[in-house]
Amino acid sequence: MSFSPELHHWLILSTILFSIGIYGVLTRRNAVGVLMSVELLLNSAAMNFLIFNHYASKPFIDGAIMALFIIAVAAAEAVIAMALFVAIFRSRKTVDVTQINTLKG
Amino acid sequence: MGLVSWLFVLPFATAIAVILTPAGMPKMVKKIALAGTSLHLALTAFVTYKFVQVAAFSGDAVKDALITHLYLVEKVPWFESLGIQYFVGLDGISMFMVILTSIVIFTGVLASWTVTERPKEFFALLLILVSGVFGVFVSFDLFLFFLFYEVAVLPMYLLIGIWGTGPKEYSAMKLTMMLMASSALILVGFLALYQGSGKETFDLIEISKVHFPIVFQNWVFPVIFIGFGVIGALYPFHTWSPDGHSSAPTAVSMLHAGVLMKLGGYGALRIGLYLLPEGAQNWALFFMGLTTINIIYGAFAAIKQKDLKFFTAYSSVSHCGFVLFGIVTLNMIGVKGAVIQMFSHGIMTALFFGLIGMVYGRTKTRIVTDMGGLAKVMPWLAVCFYIAGLASLGLPGLAGFIAESHIFLGGFVGNQWADATTMRILTVIATMSIVVTAVYVLRGLANVFQGPLKEQFKTLTDATLTEKISTGILVVTLAIVGMAPWYFIDLIEAAVYPMINRLGLTASNWMVF
Amino acid sequence: MNELANSFAFNNAWLIPALPFFSFLVVGLFIRPVSDKLAGIVATLSVATAAFLSIWLAFDYFSAFPAGAEHPGLISWSFEWLRYEEHLAVNVGVLVDSLSILLMVVVTFVSSLVHLYSIGYMKGEDGYGRYFTYLNLFTFSMLGLVVAPNILQTYVFWELVGVSSFLLIGFYYTKPSAVSASKKAFIVTRFADLFFLIGVLLIAVVGYNAMSMFGAPGSLPDNVSAFDFSYLTSSGVSIMMNNLGLLTPAMILIFIGAAGKSALFPLHIWLPDAMEGPTPVSALIHAATMVVAGVYLVARLFMPFAASGTALLVAGYVGAFTCLFAAVIACTQDDIKRVLAYSTLSQIGYMIFALGVASATETLGYTASLFHLFTHAFFKALLFLGAGAVIHAVHTNNIWNMGGLAKKMPITNITFLIATLAISGVWPFAGFFSKDEIIASAFGTHHYVIFAVGLLVAGITAFYMFRIYIVTFLGKARSEAVNKAHEAPMTMTIPLIILAALSAVAGFVHFGDFVSVGAESGHAEGGFPIWIPALLSGLSGIAIAWFIYAGNSERSKALTERLGAIYRVIYAKFYIDEIYLFVTHKIIFRFISAPIAWFDKRIVDGGVDLTGWMTRRGGAVFSRLQTGQAQTYTTWMVNGVIAVAVLIWIFVS
Amino acid sequence: MNALAPEIIVAVTGFVVLLADLFLAEKRKHILGPLALVGLVVGGVAVFNLMPQTVEALGGRFVFNPVAGWFKLLFILAGAFTAIFCWQSRAKEKLESDGEFYSVMLFTLVGMMFLISATDLITLYISLELATIPLFALAAWKKGDPLSGEAGLKYVIFGALASGLLLYGLGLLYGLAGSADLQTIRETITASPALWLAAGIITAGIGFKITMVPFHMWAADVYQGAPTTVTAYLSVASKSAGIAFMFQMFFGIFGAQLSEWGWLIAGLATVTMTLGNLVAIVQNNIKRFMAFSAISQAGYIILGFLGPFSESVPSMLYYLFIYVFTNMAVFGVIIYYNDTTGKENIDDYKGLSRTNPVIALVMMLGLFSLAGIPPLSGFVGKFFLFNIAAKAGYHWLVAVAALNSTISLYYYLRIVRQMYMEPPTADAKSLSMSKALAFTFLILTIGVTLFGVIPGIYETINAQTSGWLSALQLFP
């Protein structure tokens with residue numbers, strides 16, 4: 001028996017990935033954890049592009065290129081974010097996002 | 001630049017000149033302001049002369065007019081793609097209002113001769129405000145109209161907030177908020193008219209050639225009428241006025257009650273009645289009821305006031321009620337009356353506030369019961385005060401009577417859209433105010449000027465020369481309008497005809513345009 | 001073109017009201033600051049000239065339209081003052097007919113005498129110049145009122161009269177009582193004027209709308225206006241209004257206005273207080289001129305009134321009641337001027353009920369009323385001026401502080417006596433004839449109640465008038481002041497003498513031939529000569545007064561003891577004032593204006609403040625959403641996404 | 001001239017500034033600011049040269065047209081003013097290593113300028129990220145300041161989430177159309193749940209950029225925490241970029257559906273302006289206050305998406321154009337005042353009119369213009385936007401918007417009151433101002449007062465851009 005996944009399977013996968021990402025962003029208390037969840041989001045999106053490229057616009061490779069760029073952007077984002085976290089950690093000795101709430105009201 | 005533009009450019013230029021005067025020479029500032037305003041008085045006289053020349057009132061020629069005919073027009077495209085133009089001109093009503101404003105600002109400047117705190121800003125703002133007012137009266141493009149309208153309204157905040165007395169910041173804020181909120185309604189109405197006309201123009205005359213569907217008129221008219229009603233102290237949106245007036249410095253109260261409140265009546269007439277005749281027909285009775293409340297309510301509330309300014313403010317509420325009342329009678333007599341009432345109330349109340357300021361400057365109190373017998377030490381002020389009071393209770397021979405008799409007659413003559421009996425009953429209720437007015441005016445004035453003179457006032461002095469001039473001018477104006485009204489009536493009659501004639505039109509008649 | 005075309009007086013009739021006006025302006029603005037004396041003289045001269053002119057006019061008019069002939073109303077001069085609409089305009093002008101001439105003569109004549117008298121009386125008062133300014137203003141207003149050819153002009157001057165009397169009553173403006181009196185006078189009359197105004201609006205507007213019935217507006221002569229008396233009194237209008245059922249209401253409204261000025265019950269309260277003004281003023285305003293304005297108005301609109309019998313009847317009974325009511329009060333007052341004031345009330349009551357009993361056919365009452373107006377003007381002015389002289393001399397108003405003045409001031413004494421006899425209706429003095437005619441007319445038209453009242457009051461009048469005469473002039477001095485009293489100066493005595501002469505002879509004028517309404521002035525004499533009972537009741541009144549007050553005053557005291565409560569009630573003027581006070585202060589001020597003021601501050605204004613408060617509150621509430629928690633924010637975002645997506649789904653699909 | 005010229009110039013300037021910052025001696029670094037300015041000016045000139053033609057580049061993946069041109073001008077203006085403020089700030093607001101600051105800012109500018117010119121998803125997305133990610137760093141620029149750090153953190157978390165969501169949405173679009181080319185997408189997509197989901201997600205992504213409720217939550221905190229210069233930049237440039245992106249999305253892709261989504265725009269506009277205004281009332285820190293004011297402004301701007309009509313594009317561009325001057329004027333004063341006195345609370349402005357009348361006047365004019373008081377420019381801009389709402393038949397929305405500007409007037413007047421009615425504090429003194437800054441304020445004031453009444457600007461924008469929408473065949 002050979003099971004060949006169809007478009008919707010892939011989409012479901014990416015959606016699950018996406019949902020996990022969202023969940024993580026909303027619940028992780030550690031900033032790094034949040035960042036990782038964001039990476040999940042980005043990857044699920046990148047995955048979407050690949051999937052659609054494969055199923056929807058075969059001869060072209062825009063989706064694939066997009067995916068590459070997304071990875072690059074994700075990296076950039078991660079860099080900035082990590083830098084920030086370090087800076088924050090220096091001043092506050094914590095990266096717990098729930099602790100960082102001086103600005104409010 | 002044409003004559004009419006000068007009407008509002010001159011005060012603005014004066015304001016700039018005032019701002020540019022080097023600091024620390026208050027006398028200079030006042031002199032400049034006075035020069036500017038007296039120049040404006042002359043200008044107005046000249047414009048009036050020109051206007052009368054070109055307008056050449058030929059009674060029957062205008063009787064059937066359906067479109068307001070403007071004179072001394074200046075029309076320059078502005079935001080062409082949106083159909084906005086710089087469009088100013090004069091018809092009888094605006095001419096009349098311009099005269100009023102010119103007189104009031106002149107006397108106002110004289111009356112505020114004693115301002116010592118930051119005179120530069122004071123006179124600058126005063127003049128900017130008044131140039132806005134002139135702008136409103138001469139502009140016939142809705143965009144321009146609205147622009148000037150808000151220019152006229154906002155400086156009030158600073159004028160009251162900085163130079164006022166009592167709970168000035170509260171009053172200033174309340175006044176500004178209410179007037180701005182009302183201008184929001186006006187804006188809605190204007191944009192609706194602009195889009196509804198489908199003419200892609202803000203030109204009031206062009207729009208007036210459109211027959212708006214009844215449904216449209218039925219919702220736009222009240223929006224416009226209430227929008228302007230707020231500044232016209234329409235019940236129950238009048239409460240900014242007592243606080244505002246009582247907190248404002250003399251000249252500001254004069255301008256505000258004398259001129260600014262007239263913007264309400266003017267707008268309701270010029271935009272509401274003129275552009276939306278059927279809307280007016282359907283709403284007339286409702287607003288007539290509301291304004292009747294205005295008239296009676298203001299008068300009765302005034303009886304209970306102890307503070308001279310509150311007292312005058314409430315009587316203003318009552319008298320401005322007459323203006324709106326006259327407008328919604330929807331007939332020639334009533335509308336004429338409304339316009340005359342705008343003028344006479346403007347002069348009268350300016351006189352009132354001016355005098356209150358002068359008396360307050362001497363006695364340092366505005367509470368009537370604290371004064372007494374002042375006629376002995378300040379006869380001039382007393383006489384003027386009595387004349388103002390008599391004018392406000394509609395004594396024949398003074399402007400008030402001309403206006404009120406018109407309005408009462410208008411209410412009695414009625415129109416074919418509202419039930420005559422109801423209108424007459426409302427009118428009768430409104431007439432009762434002449435007694436109530438008599439009651440509070442006489443009580444108030446008796447408390448202030450008659451009776452034994454209090455010890456601490458024995459040393460007070462009568463009006464100075466500037467004060468005599470400013471009050472004198474106003475008194476004379478009241479008398480002239482009261483005794484020789486025909487000039488003024490000729491002036492406005494021609495301008496009122498179109499507004500009335502449109503009321504009669506049926507949808508098919510609109511094809512004439 | 002009419003018979004008077006080349007009469008100077010007629011062509012310049014406008015001068016009659018204009019002269020006092022000019023002198024008012026000149027004196028008020030220029031002379032008063034300079035010299036008081038000059039002010040007095042100029043003012044007096046101007047009015048005297050006017051008097052001369054009006055007598056001249058009367059002469060010309062009645063020589064053009066001699067006795068018994070038709071007396072047409074002619075417009076001497078007019079111009080369009082205010083134009084509300086075509087045919088709804090105010091043509092200010094001078095209407096010359098027998099009625100207006102009568103009033104012009106009376107007003108200018110009495111006024112000039114009062115001016116003259118005042119020169120002496122007011123000497124040394126501060127505000128002397130101001131006084132004459134006011135006096136001129138009043139004279140002008142009164143004249144403007146009586147010459148008015150249209151009802152709106154009447155209203156205009158009606159108001160001006162009110163104001164000038166307000167100024168004169170409040171002349172001593174530092175005196176609280178005077179101030180409140182003036183306020184009262186103005187407000188009460190103003191209240192009446194309100195009804196007058198409504199009546200005017202009603203009759204004018206209906207008349208205006210009716211014009212189409214008399215042919216399209218175009219077909220009417222251009223200058224016809226719905227305000228003109230000529231139009232309003234035309235039978236067509238009356239009939240038409242009657243059909244609409246509006247005539248009687250309109251007329252009653254107008255009559256209320258008249259009642260206010262003429263101080264008829266229940267609007268009489270202001271007149272007694274008005275005695276706070278200088279005495280000459282009382283003589284002018286509250287005897288001869290302003291208070292008869294009401295009578296004039298009813299007479300002017302007699303035709304419409306007659307057309308609506310009810311309105312006239314109402315007037316009749318109100319008049320009769322006032323007549324009796326005031327007379328009764330007059331018997332108890334101690335202030336000489338108040339007594340005169342109440343007697344004025346009751347005399348005006350006579351005039352009004354005389355009009356009331358008349359009708360379109362039985363017009364004797366009309367003539368009689370105006371006849372009485374004519375005679376009354378003289379003897380009542382005389383009484384007041386005499387009283388003024390007395391007060392001037394003894395500096396008190398209370399008759400019980402006088403007495404025995406006959407010897408001290410002979411001229412005053414004689415003239416006052418003549419006036420008293422005149423008002424008591426003793427032959428051959430003026431009052432006899434006019435009052436007799438009134439009573440006769442009441443009898444002739446079978447209004448027996450009114451007739452009885454008239455007869456009775458004739459007696460009461462004689463009683464109280466002689467009461468004050470006796471107490472004031474006869475007997476022995478009751479106070480120091482009396483002994484120091486001395487006769488008044490020439491300027492004051494001359495008017496007294498002139499008026500005395502007139503009060504003596506004015507009755508012999510064959511009045512009905514000159515002033516009448518309708519076709520004939522029917523002399524509806526009853527079966528027997530009415531003058532007998534009238535005279536008798538008068539004499540009996542005198543006799544009783546003599547019996548009680550002559551000699552020792554024990555009798556009067558005893559009488560007051562006897563009457564007790566009744567006396568006190570009457571003395572307190574039936575507590576009418578108190579009732580008014582209660583209504584205005586306790587009811588209107590407390591239960592209408594105070595609540596409104598409160599409502600305005602708390603509810604309406606409160607609503608505005610509430611809006612502001614709610615806005616700020618809203619800000620505070622929403623600002624709590626900003627918890628500072630990054631993940632709360634992100635949650636909002638995710639929910640937002642879902643919300644938007646779902647909304648699009650719902651609305652678009 | 002090459003369509004890419006402006007972008008290239010700005011980018012090169014960025015690199016130059018970066019290198020100069022590396023090699024220049026410390027005491028010479030004050031020329032960095034002018035350097036950046038020059039670059040921006042040249043870039044602006046380049047844009048002017050390209051107007052009003054339409055030029056393509058990068059094989060059609062980049063197109064310069066008047067709309068893009070105007071947006072680029074906006075960005076450059078905003079950048080220029082920010083640069084001046086940063087350059088002129090001395091004490092409190094001085095950013096250490098401002099050389100890097102300039103270059104980073106310039107790179108974000110390049111991103112924005114690409115954003116509006118992009119014609120396919122890839123360019124669009126990359127440029128968007130280029131315009132966004134560096135801002136995270138800018139927000140946290142003050143290393144020592146924990147608030148600045150917190151701002152950066154919140155911004156990055158929120159921004160990352162937003163870009164993740166957005167990307168997902170774009171992915172869906174790509175899938176629906178099977179192409180990354182915007183035009184193809186616009187022509188192929190049809191109404192479907194997937195589209196609606198995509199639209200919702202993308203709206204969120206845009207909402208984050210232009211601080212549209214309920215995606216605005218980050219704004220207040222970031223605006224308050226970030227250095228004021230950055231706040232100014234965010235509130236003007238970044239917001240304009242957001243609008244540019246919204247142009248790309250709502251006109252460029254959903255244009256066909258837009259007319260049906262009017263009520264959505266209306267709803268979002270209503271909540272945005274109302275919430276922004278209400279919360280602004282209770283603020284005390286002026287930067288936070290301006291944040292909420294900016295949020296409400298976003299509410300007004302998106303009124304322009306009701307429609308679409310030929311006026312829509314010019315009206316919005318015109319409003320943004322005025323908004324740059326108005327907001328920069330206000331922020332300029334805030335930066336300057338904070339810089340010289342270190343105060344950034346509303347009641348610190350007590351009696352400013354007595355000590356520094358001119359500054360107070362500029363501030364007042366700016367605030368009134370924001371509130372939309374005639375004859376200041378803000379009024380005219382708003383009027384035209386409201387006009388679009390009216391044209392779309394949303395009269396109630398006009399009322400809401402106008403009432404909102406009344407509320408906004410209420411809190412703007414709070415500051416005016418502090419400046420004009422309250423007496424100055426004891427330590428208040430007259431402050432000095434450098435010529436350059438004074439000149440800048442002069443320009444800003446002119447922009448605030450005159451650009452409204454001079455018809456030329458709007459008419460030009462209108463003439464050049466009103467055709468853009470019809471080119472998209474959105475309406476006949």
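# A first look around the model

Colleague: Starting somewhere small: how many C-beta neighbours does L58(D) have inside 10 Å?
Modeller: L58(D) has 15 of them, so it counts as partly exposed. The rule is that 20 or more other C-beta atoms within 10 Å of a residue's own make it buried, 12 or fewer make it exposed, and anything in between is partly exposed, with the C-beta atoms placed from the backbone.

Colleague: Before we go on, where do these coordinates and labels come from?
Modeller: This is a predicted model: local features need pLDDT of at least 70, side-chain atom pairs count only at pLDDT 80 or more, and totals for chains, interfaces and linings use all residues. Residues are numbered from 1 along each chain as its sequence is written, while chains are lettered from A and ligands numbered from 1 in the order in which they are written.

Colleague: Okay, back to L58(D). Where is its place?
Modeller: In the loop between β1 (55–57) and β2 (62–64) of chain D. Helices (H or I, at least four residues) and strands (E, at least two) are DSSP runs, numbered from the N terminus. Phi of L58(D) is near 50°, which is positive although the residue isn't glycine.

Colleague: What about phi of R118(B)?
Modeller: Positive too: R118(B) has phi near 45° and is not a glycine. R118(B) is in the loop between α4 (92–111) and α5 of chain B. With 18 other C-beta atoms within 10 Å, R118(B) is partly exposed.

Colleague: And which peptide bonds are cis?
Modeller: Among them is the one from Y235(B) to P236(B), with omega near 0°. P236(B) is in the loop between α10 (214–231) and α11 of chain B. Another cis bond runs from V213(D) to P214(D), with omega near 5°, and P214(D) lies in the loop between α8 (193–210) and α9 of chain D.

Colleague: Switching to helices. How many residues of α7 in chain B are buried?
Modeller: Nine of nine, in a helix that covers residues 155–163. They include M156(B), Y157(B) and W163(B).

Colleague: What do those buried residues pack against?
Modeller: In chain B, against α5 (119–138), α6 (142–153), α8 (168–197), α11 (240–247) and α12 (250–275), and also against α18 (395–420) of chain D.

Colleague: G346(B) caught my eye. Which helix is it in?
Modeller: Helix α15 of chain B, residues 332–363. G346(B) is buried, as 30 other C-beta atoms lie within 10 Å.

Colleague: Which residues does G346(B) contact, leaving aside neighbours within four places in sequence?
Modeller: L100(B), V104(B), G258(B), V259(B) and K262(B). In contact means that the C-beta atoms of two residues, placed from the backbone, lie within 7 Å. L100(B) is 246 residues from G346(B) in sequence, yet their C-alpha atoms are 7.0 Å apart.

Colleague: Now chain A. What is its secondary structure?
Modeller: Three helices and zero strands. The C-alpha trace of chain A spans about 55 × 30 × 25 Å along its principal axes, and 38% of the 105 residues count as buried. Its radius of gyration is 18 Å, where a compact globule of 105 residues would be near 13 Å. That radius is taken over C-alpha atoms, and the globule rule is 2.2 Å times the number of residues to the power 0.38.

Colleague: And chain C, how many helices and strands?
Modeller: 28 helices and two strands. Chain C has 653 residues, 58% of them buried, and its C-alpha atoms fill a box of roughly 115 × 70 × 55 Å along the principal axes.

Colleague: How many residues make the contact between chain D and chain A?
Modeller: 33 from chain D and 35 from chain A. The elements of chain D giving two or more residues to that side are α5 (121–139), α6 (146–177) and α9 (217–225). The largest share, 17 residues, comes from α6(D). By class, the side of chain D that touches chain A has 20 nonpolar, nine polar and four charged residues. Nonpolar here covers Ala, Val, Leu, Ile, Met, Phe, Trp, Tyr, Cys and Pro, charged covers Asp, Glu, Lys and Arg, and the others, Gly among them, are polar.

Colleague: How do the axes of α5(D) and α6(D) cross?
Modeller: At roughly 175°, coming within 9 Å. The two helices are therefore roughly antiparallel to each other. Axes are lines fitted to C-alpha atoms, for helices over the stretch in contact, with angles from 0 to 180 degrees between N-to-C directions; under 35 degrees is roughly parallel, over 145 roughly antiparallel, 65 to 115 roughly perpendicular and the rest oblique.
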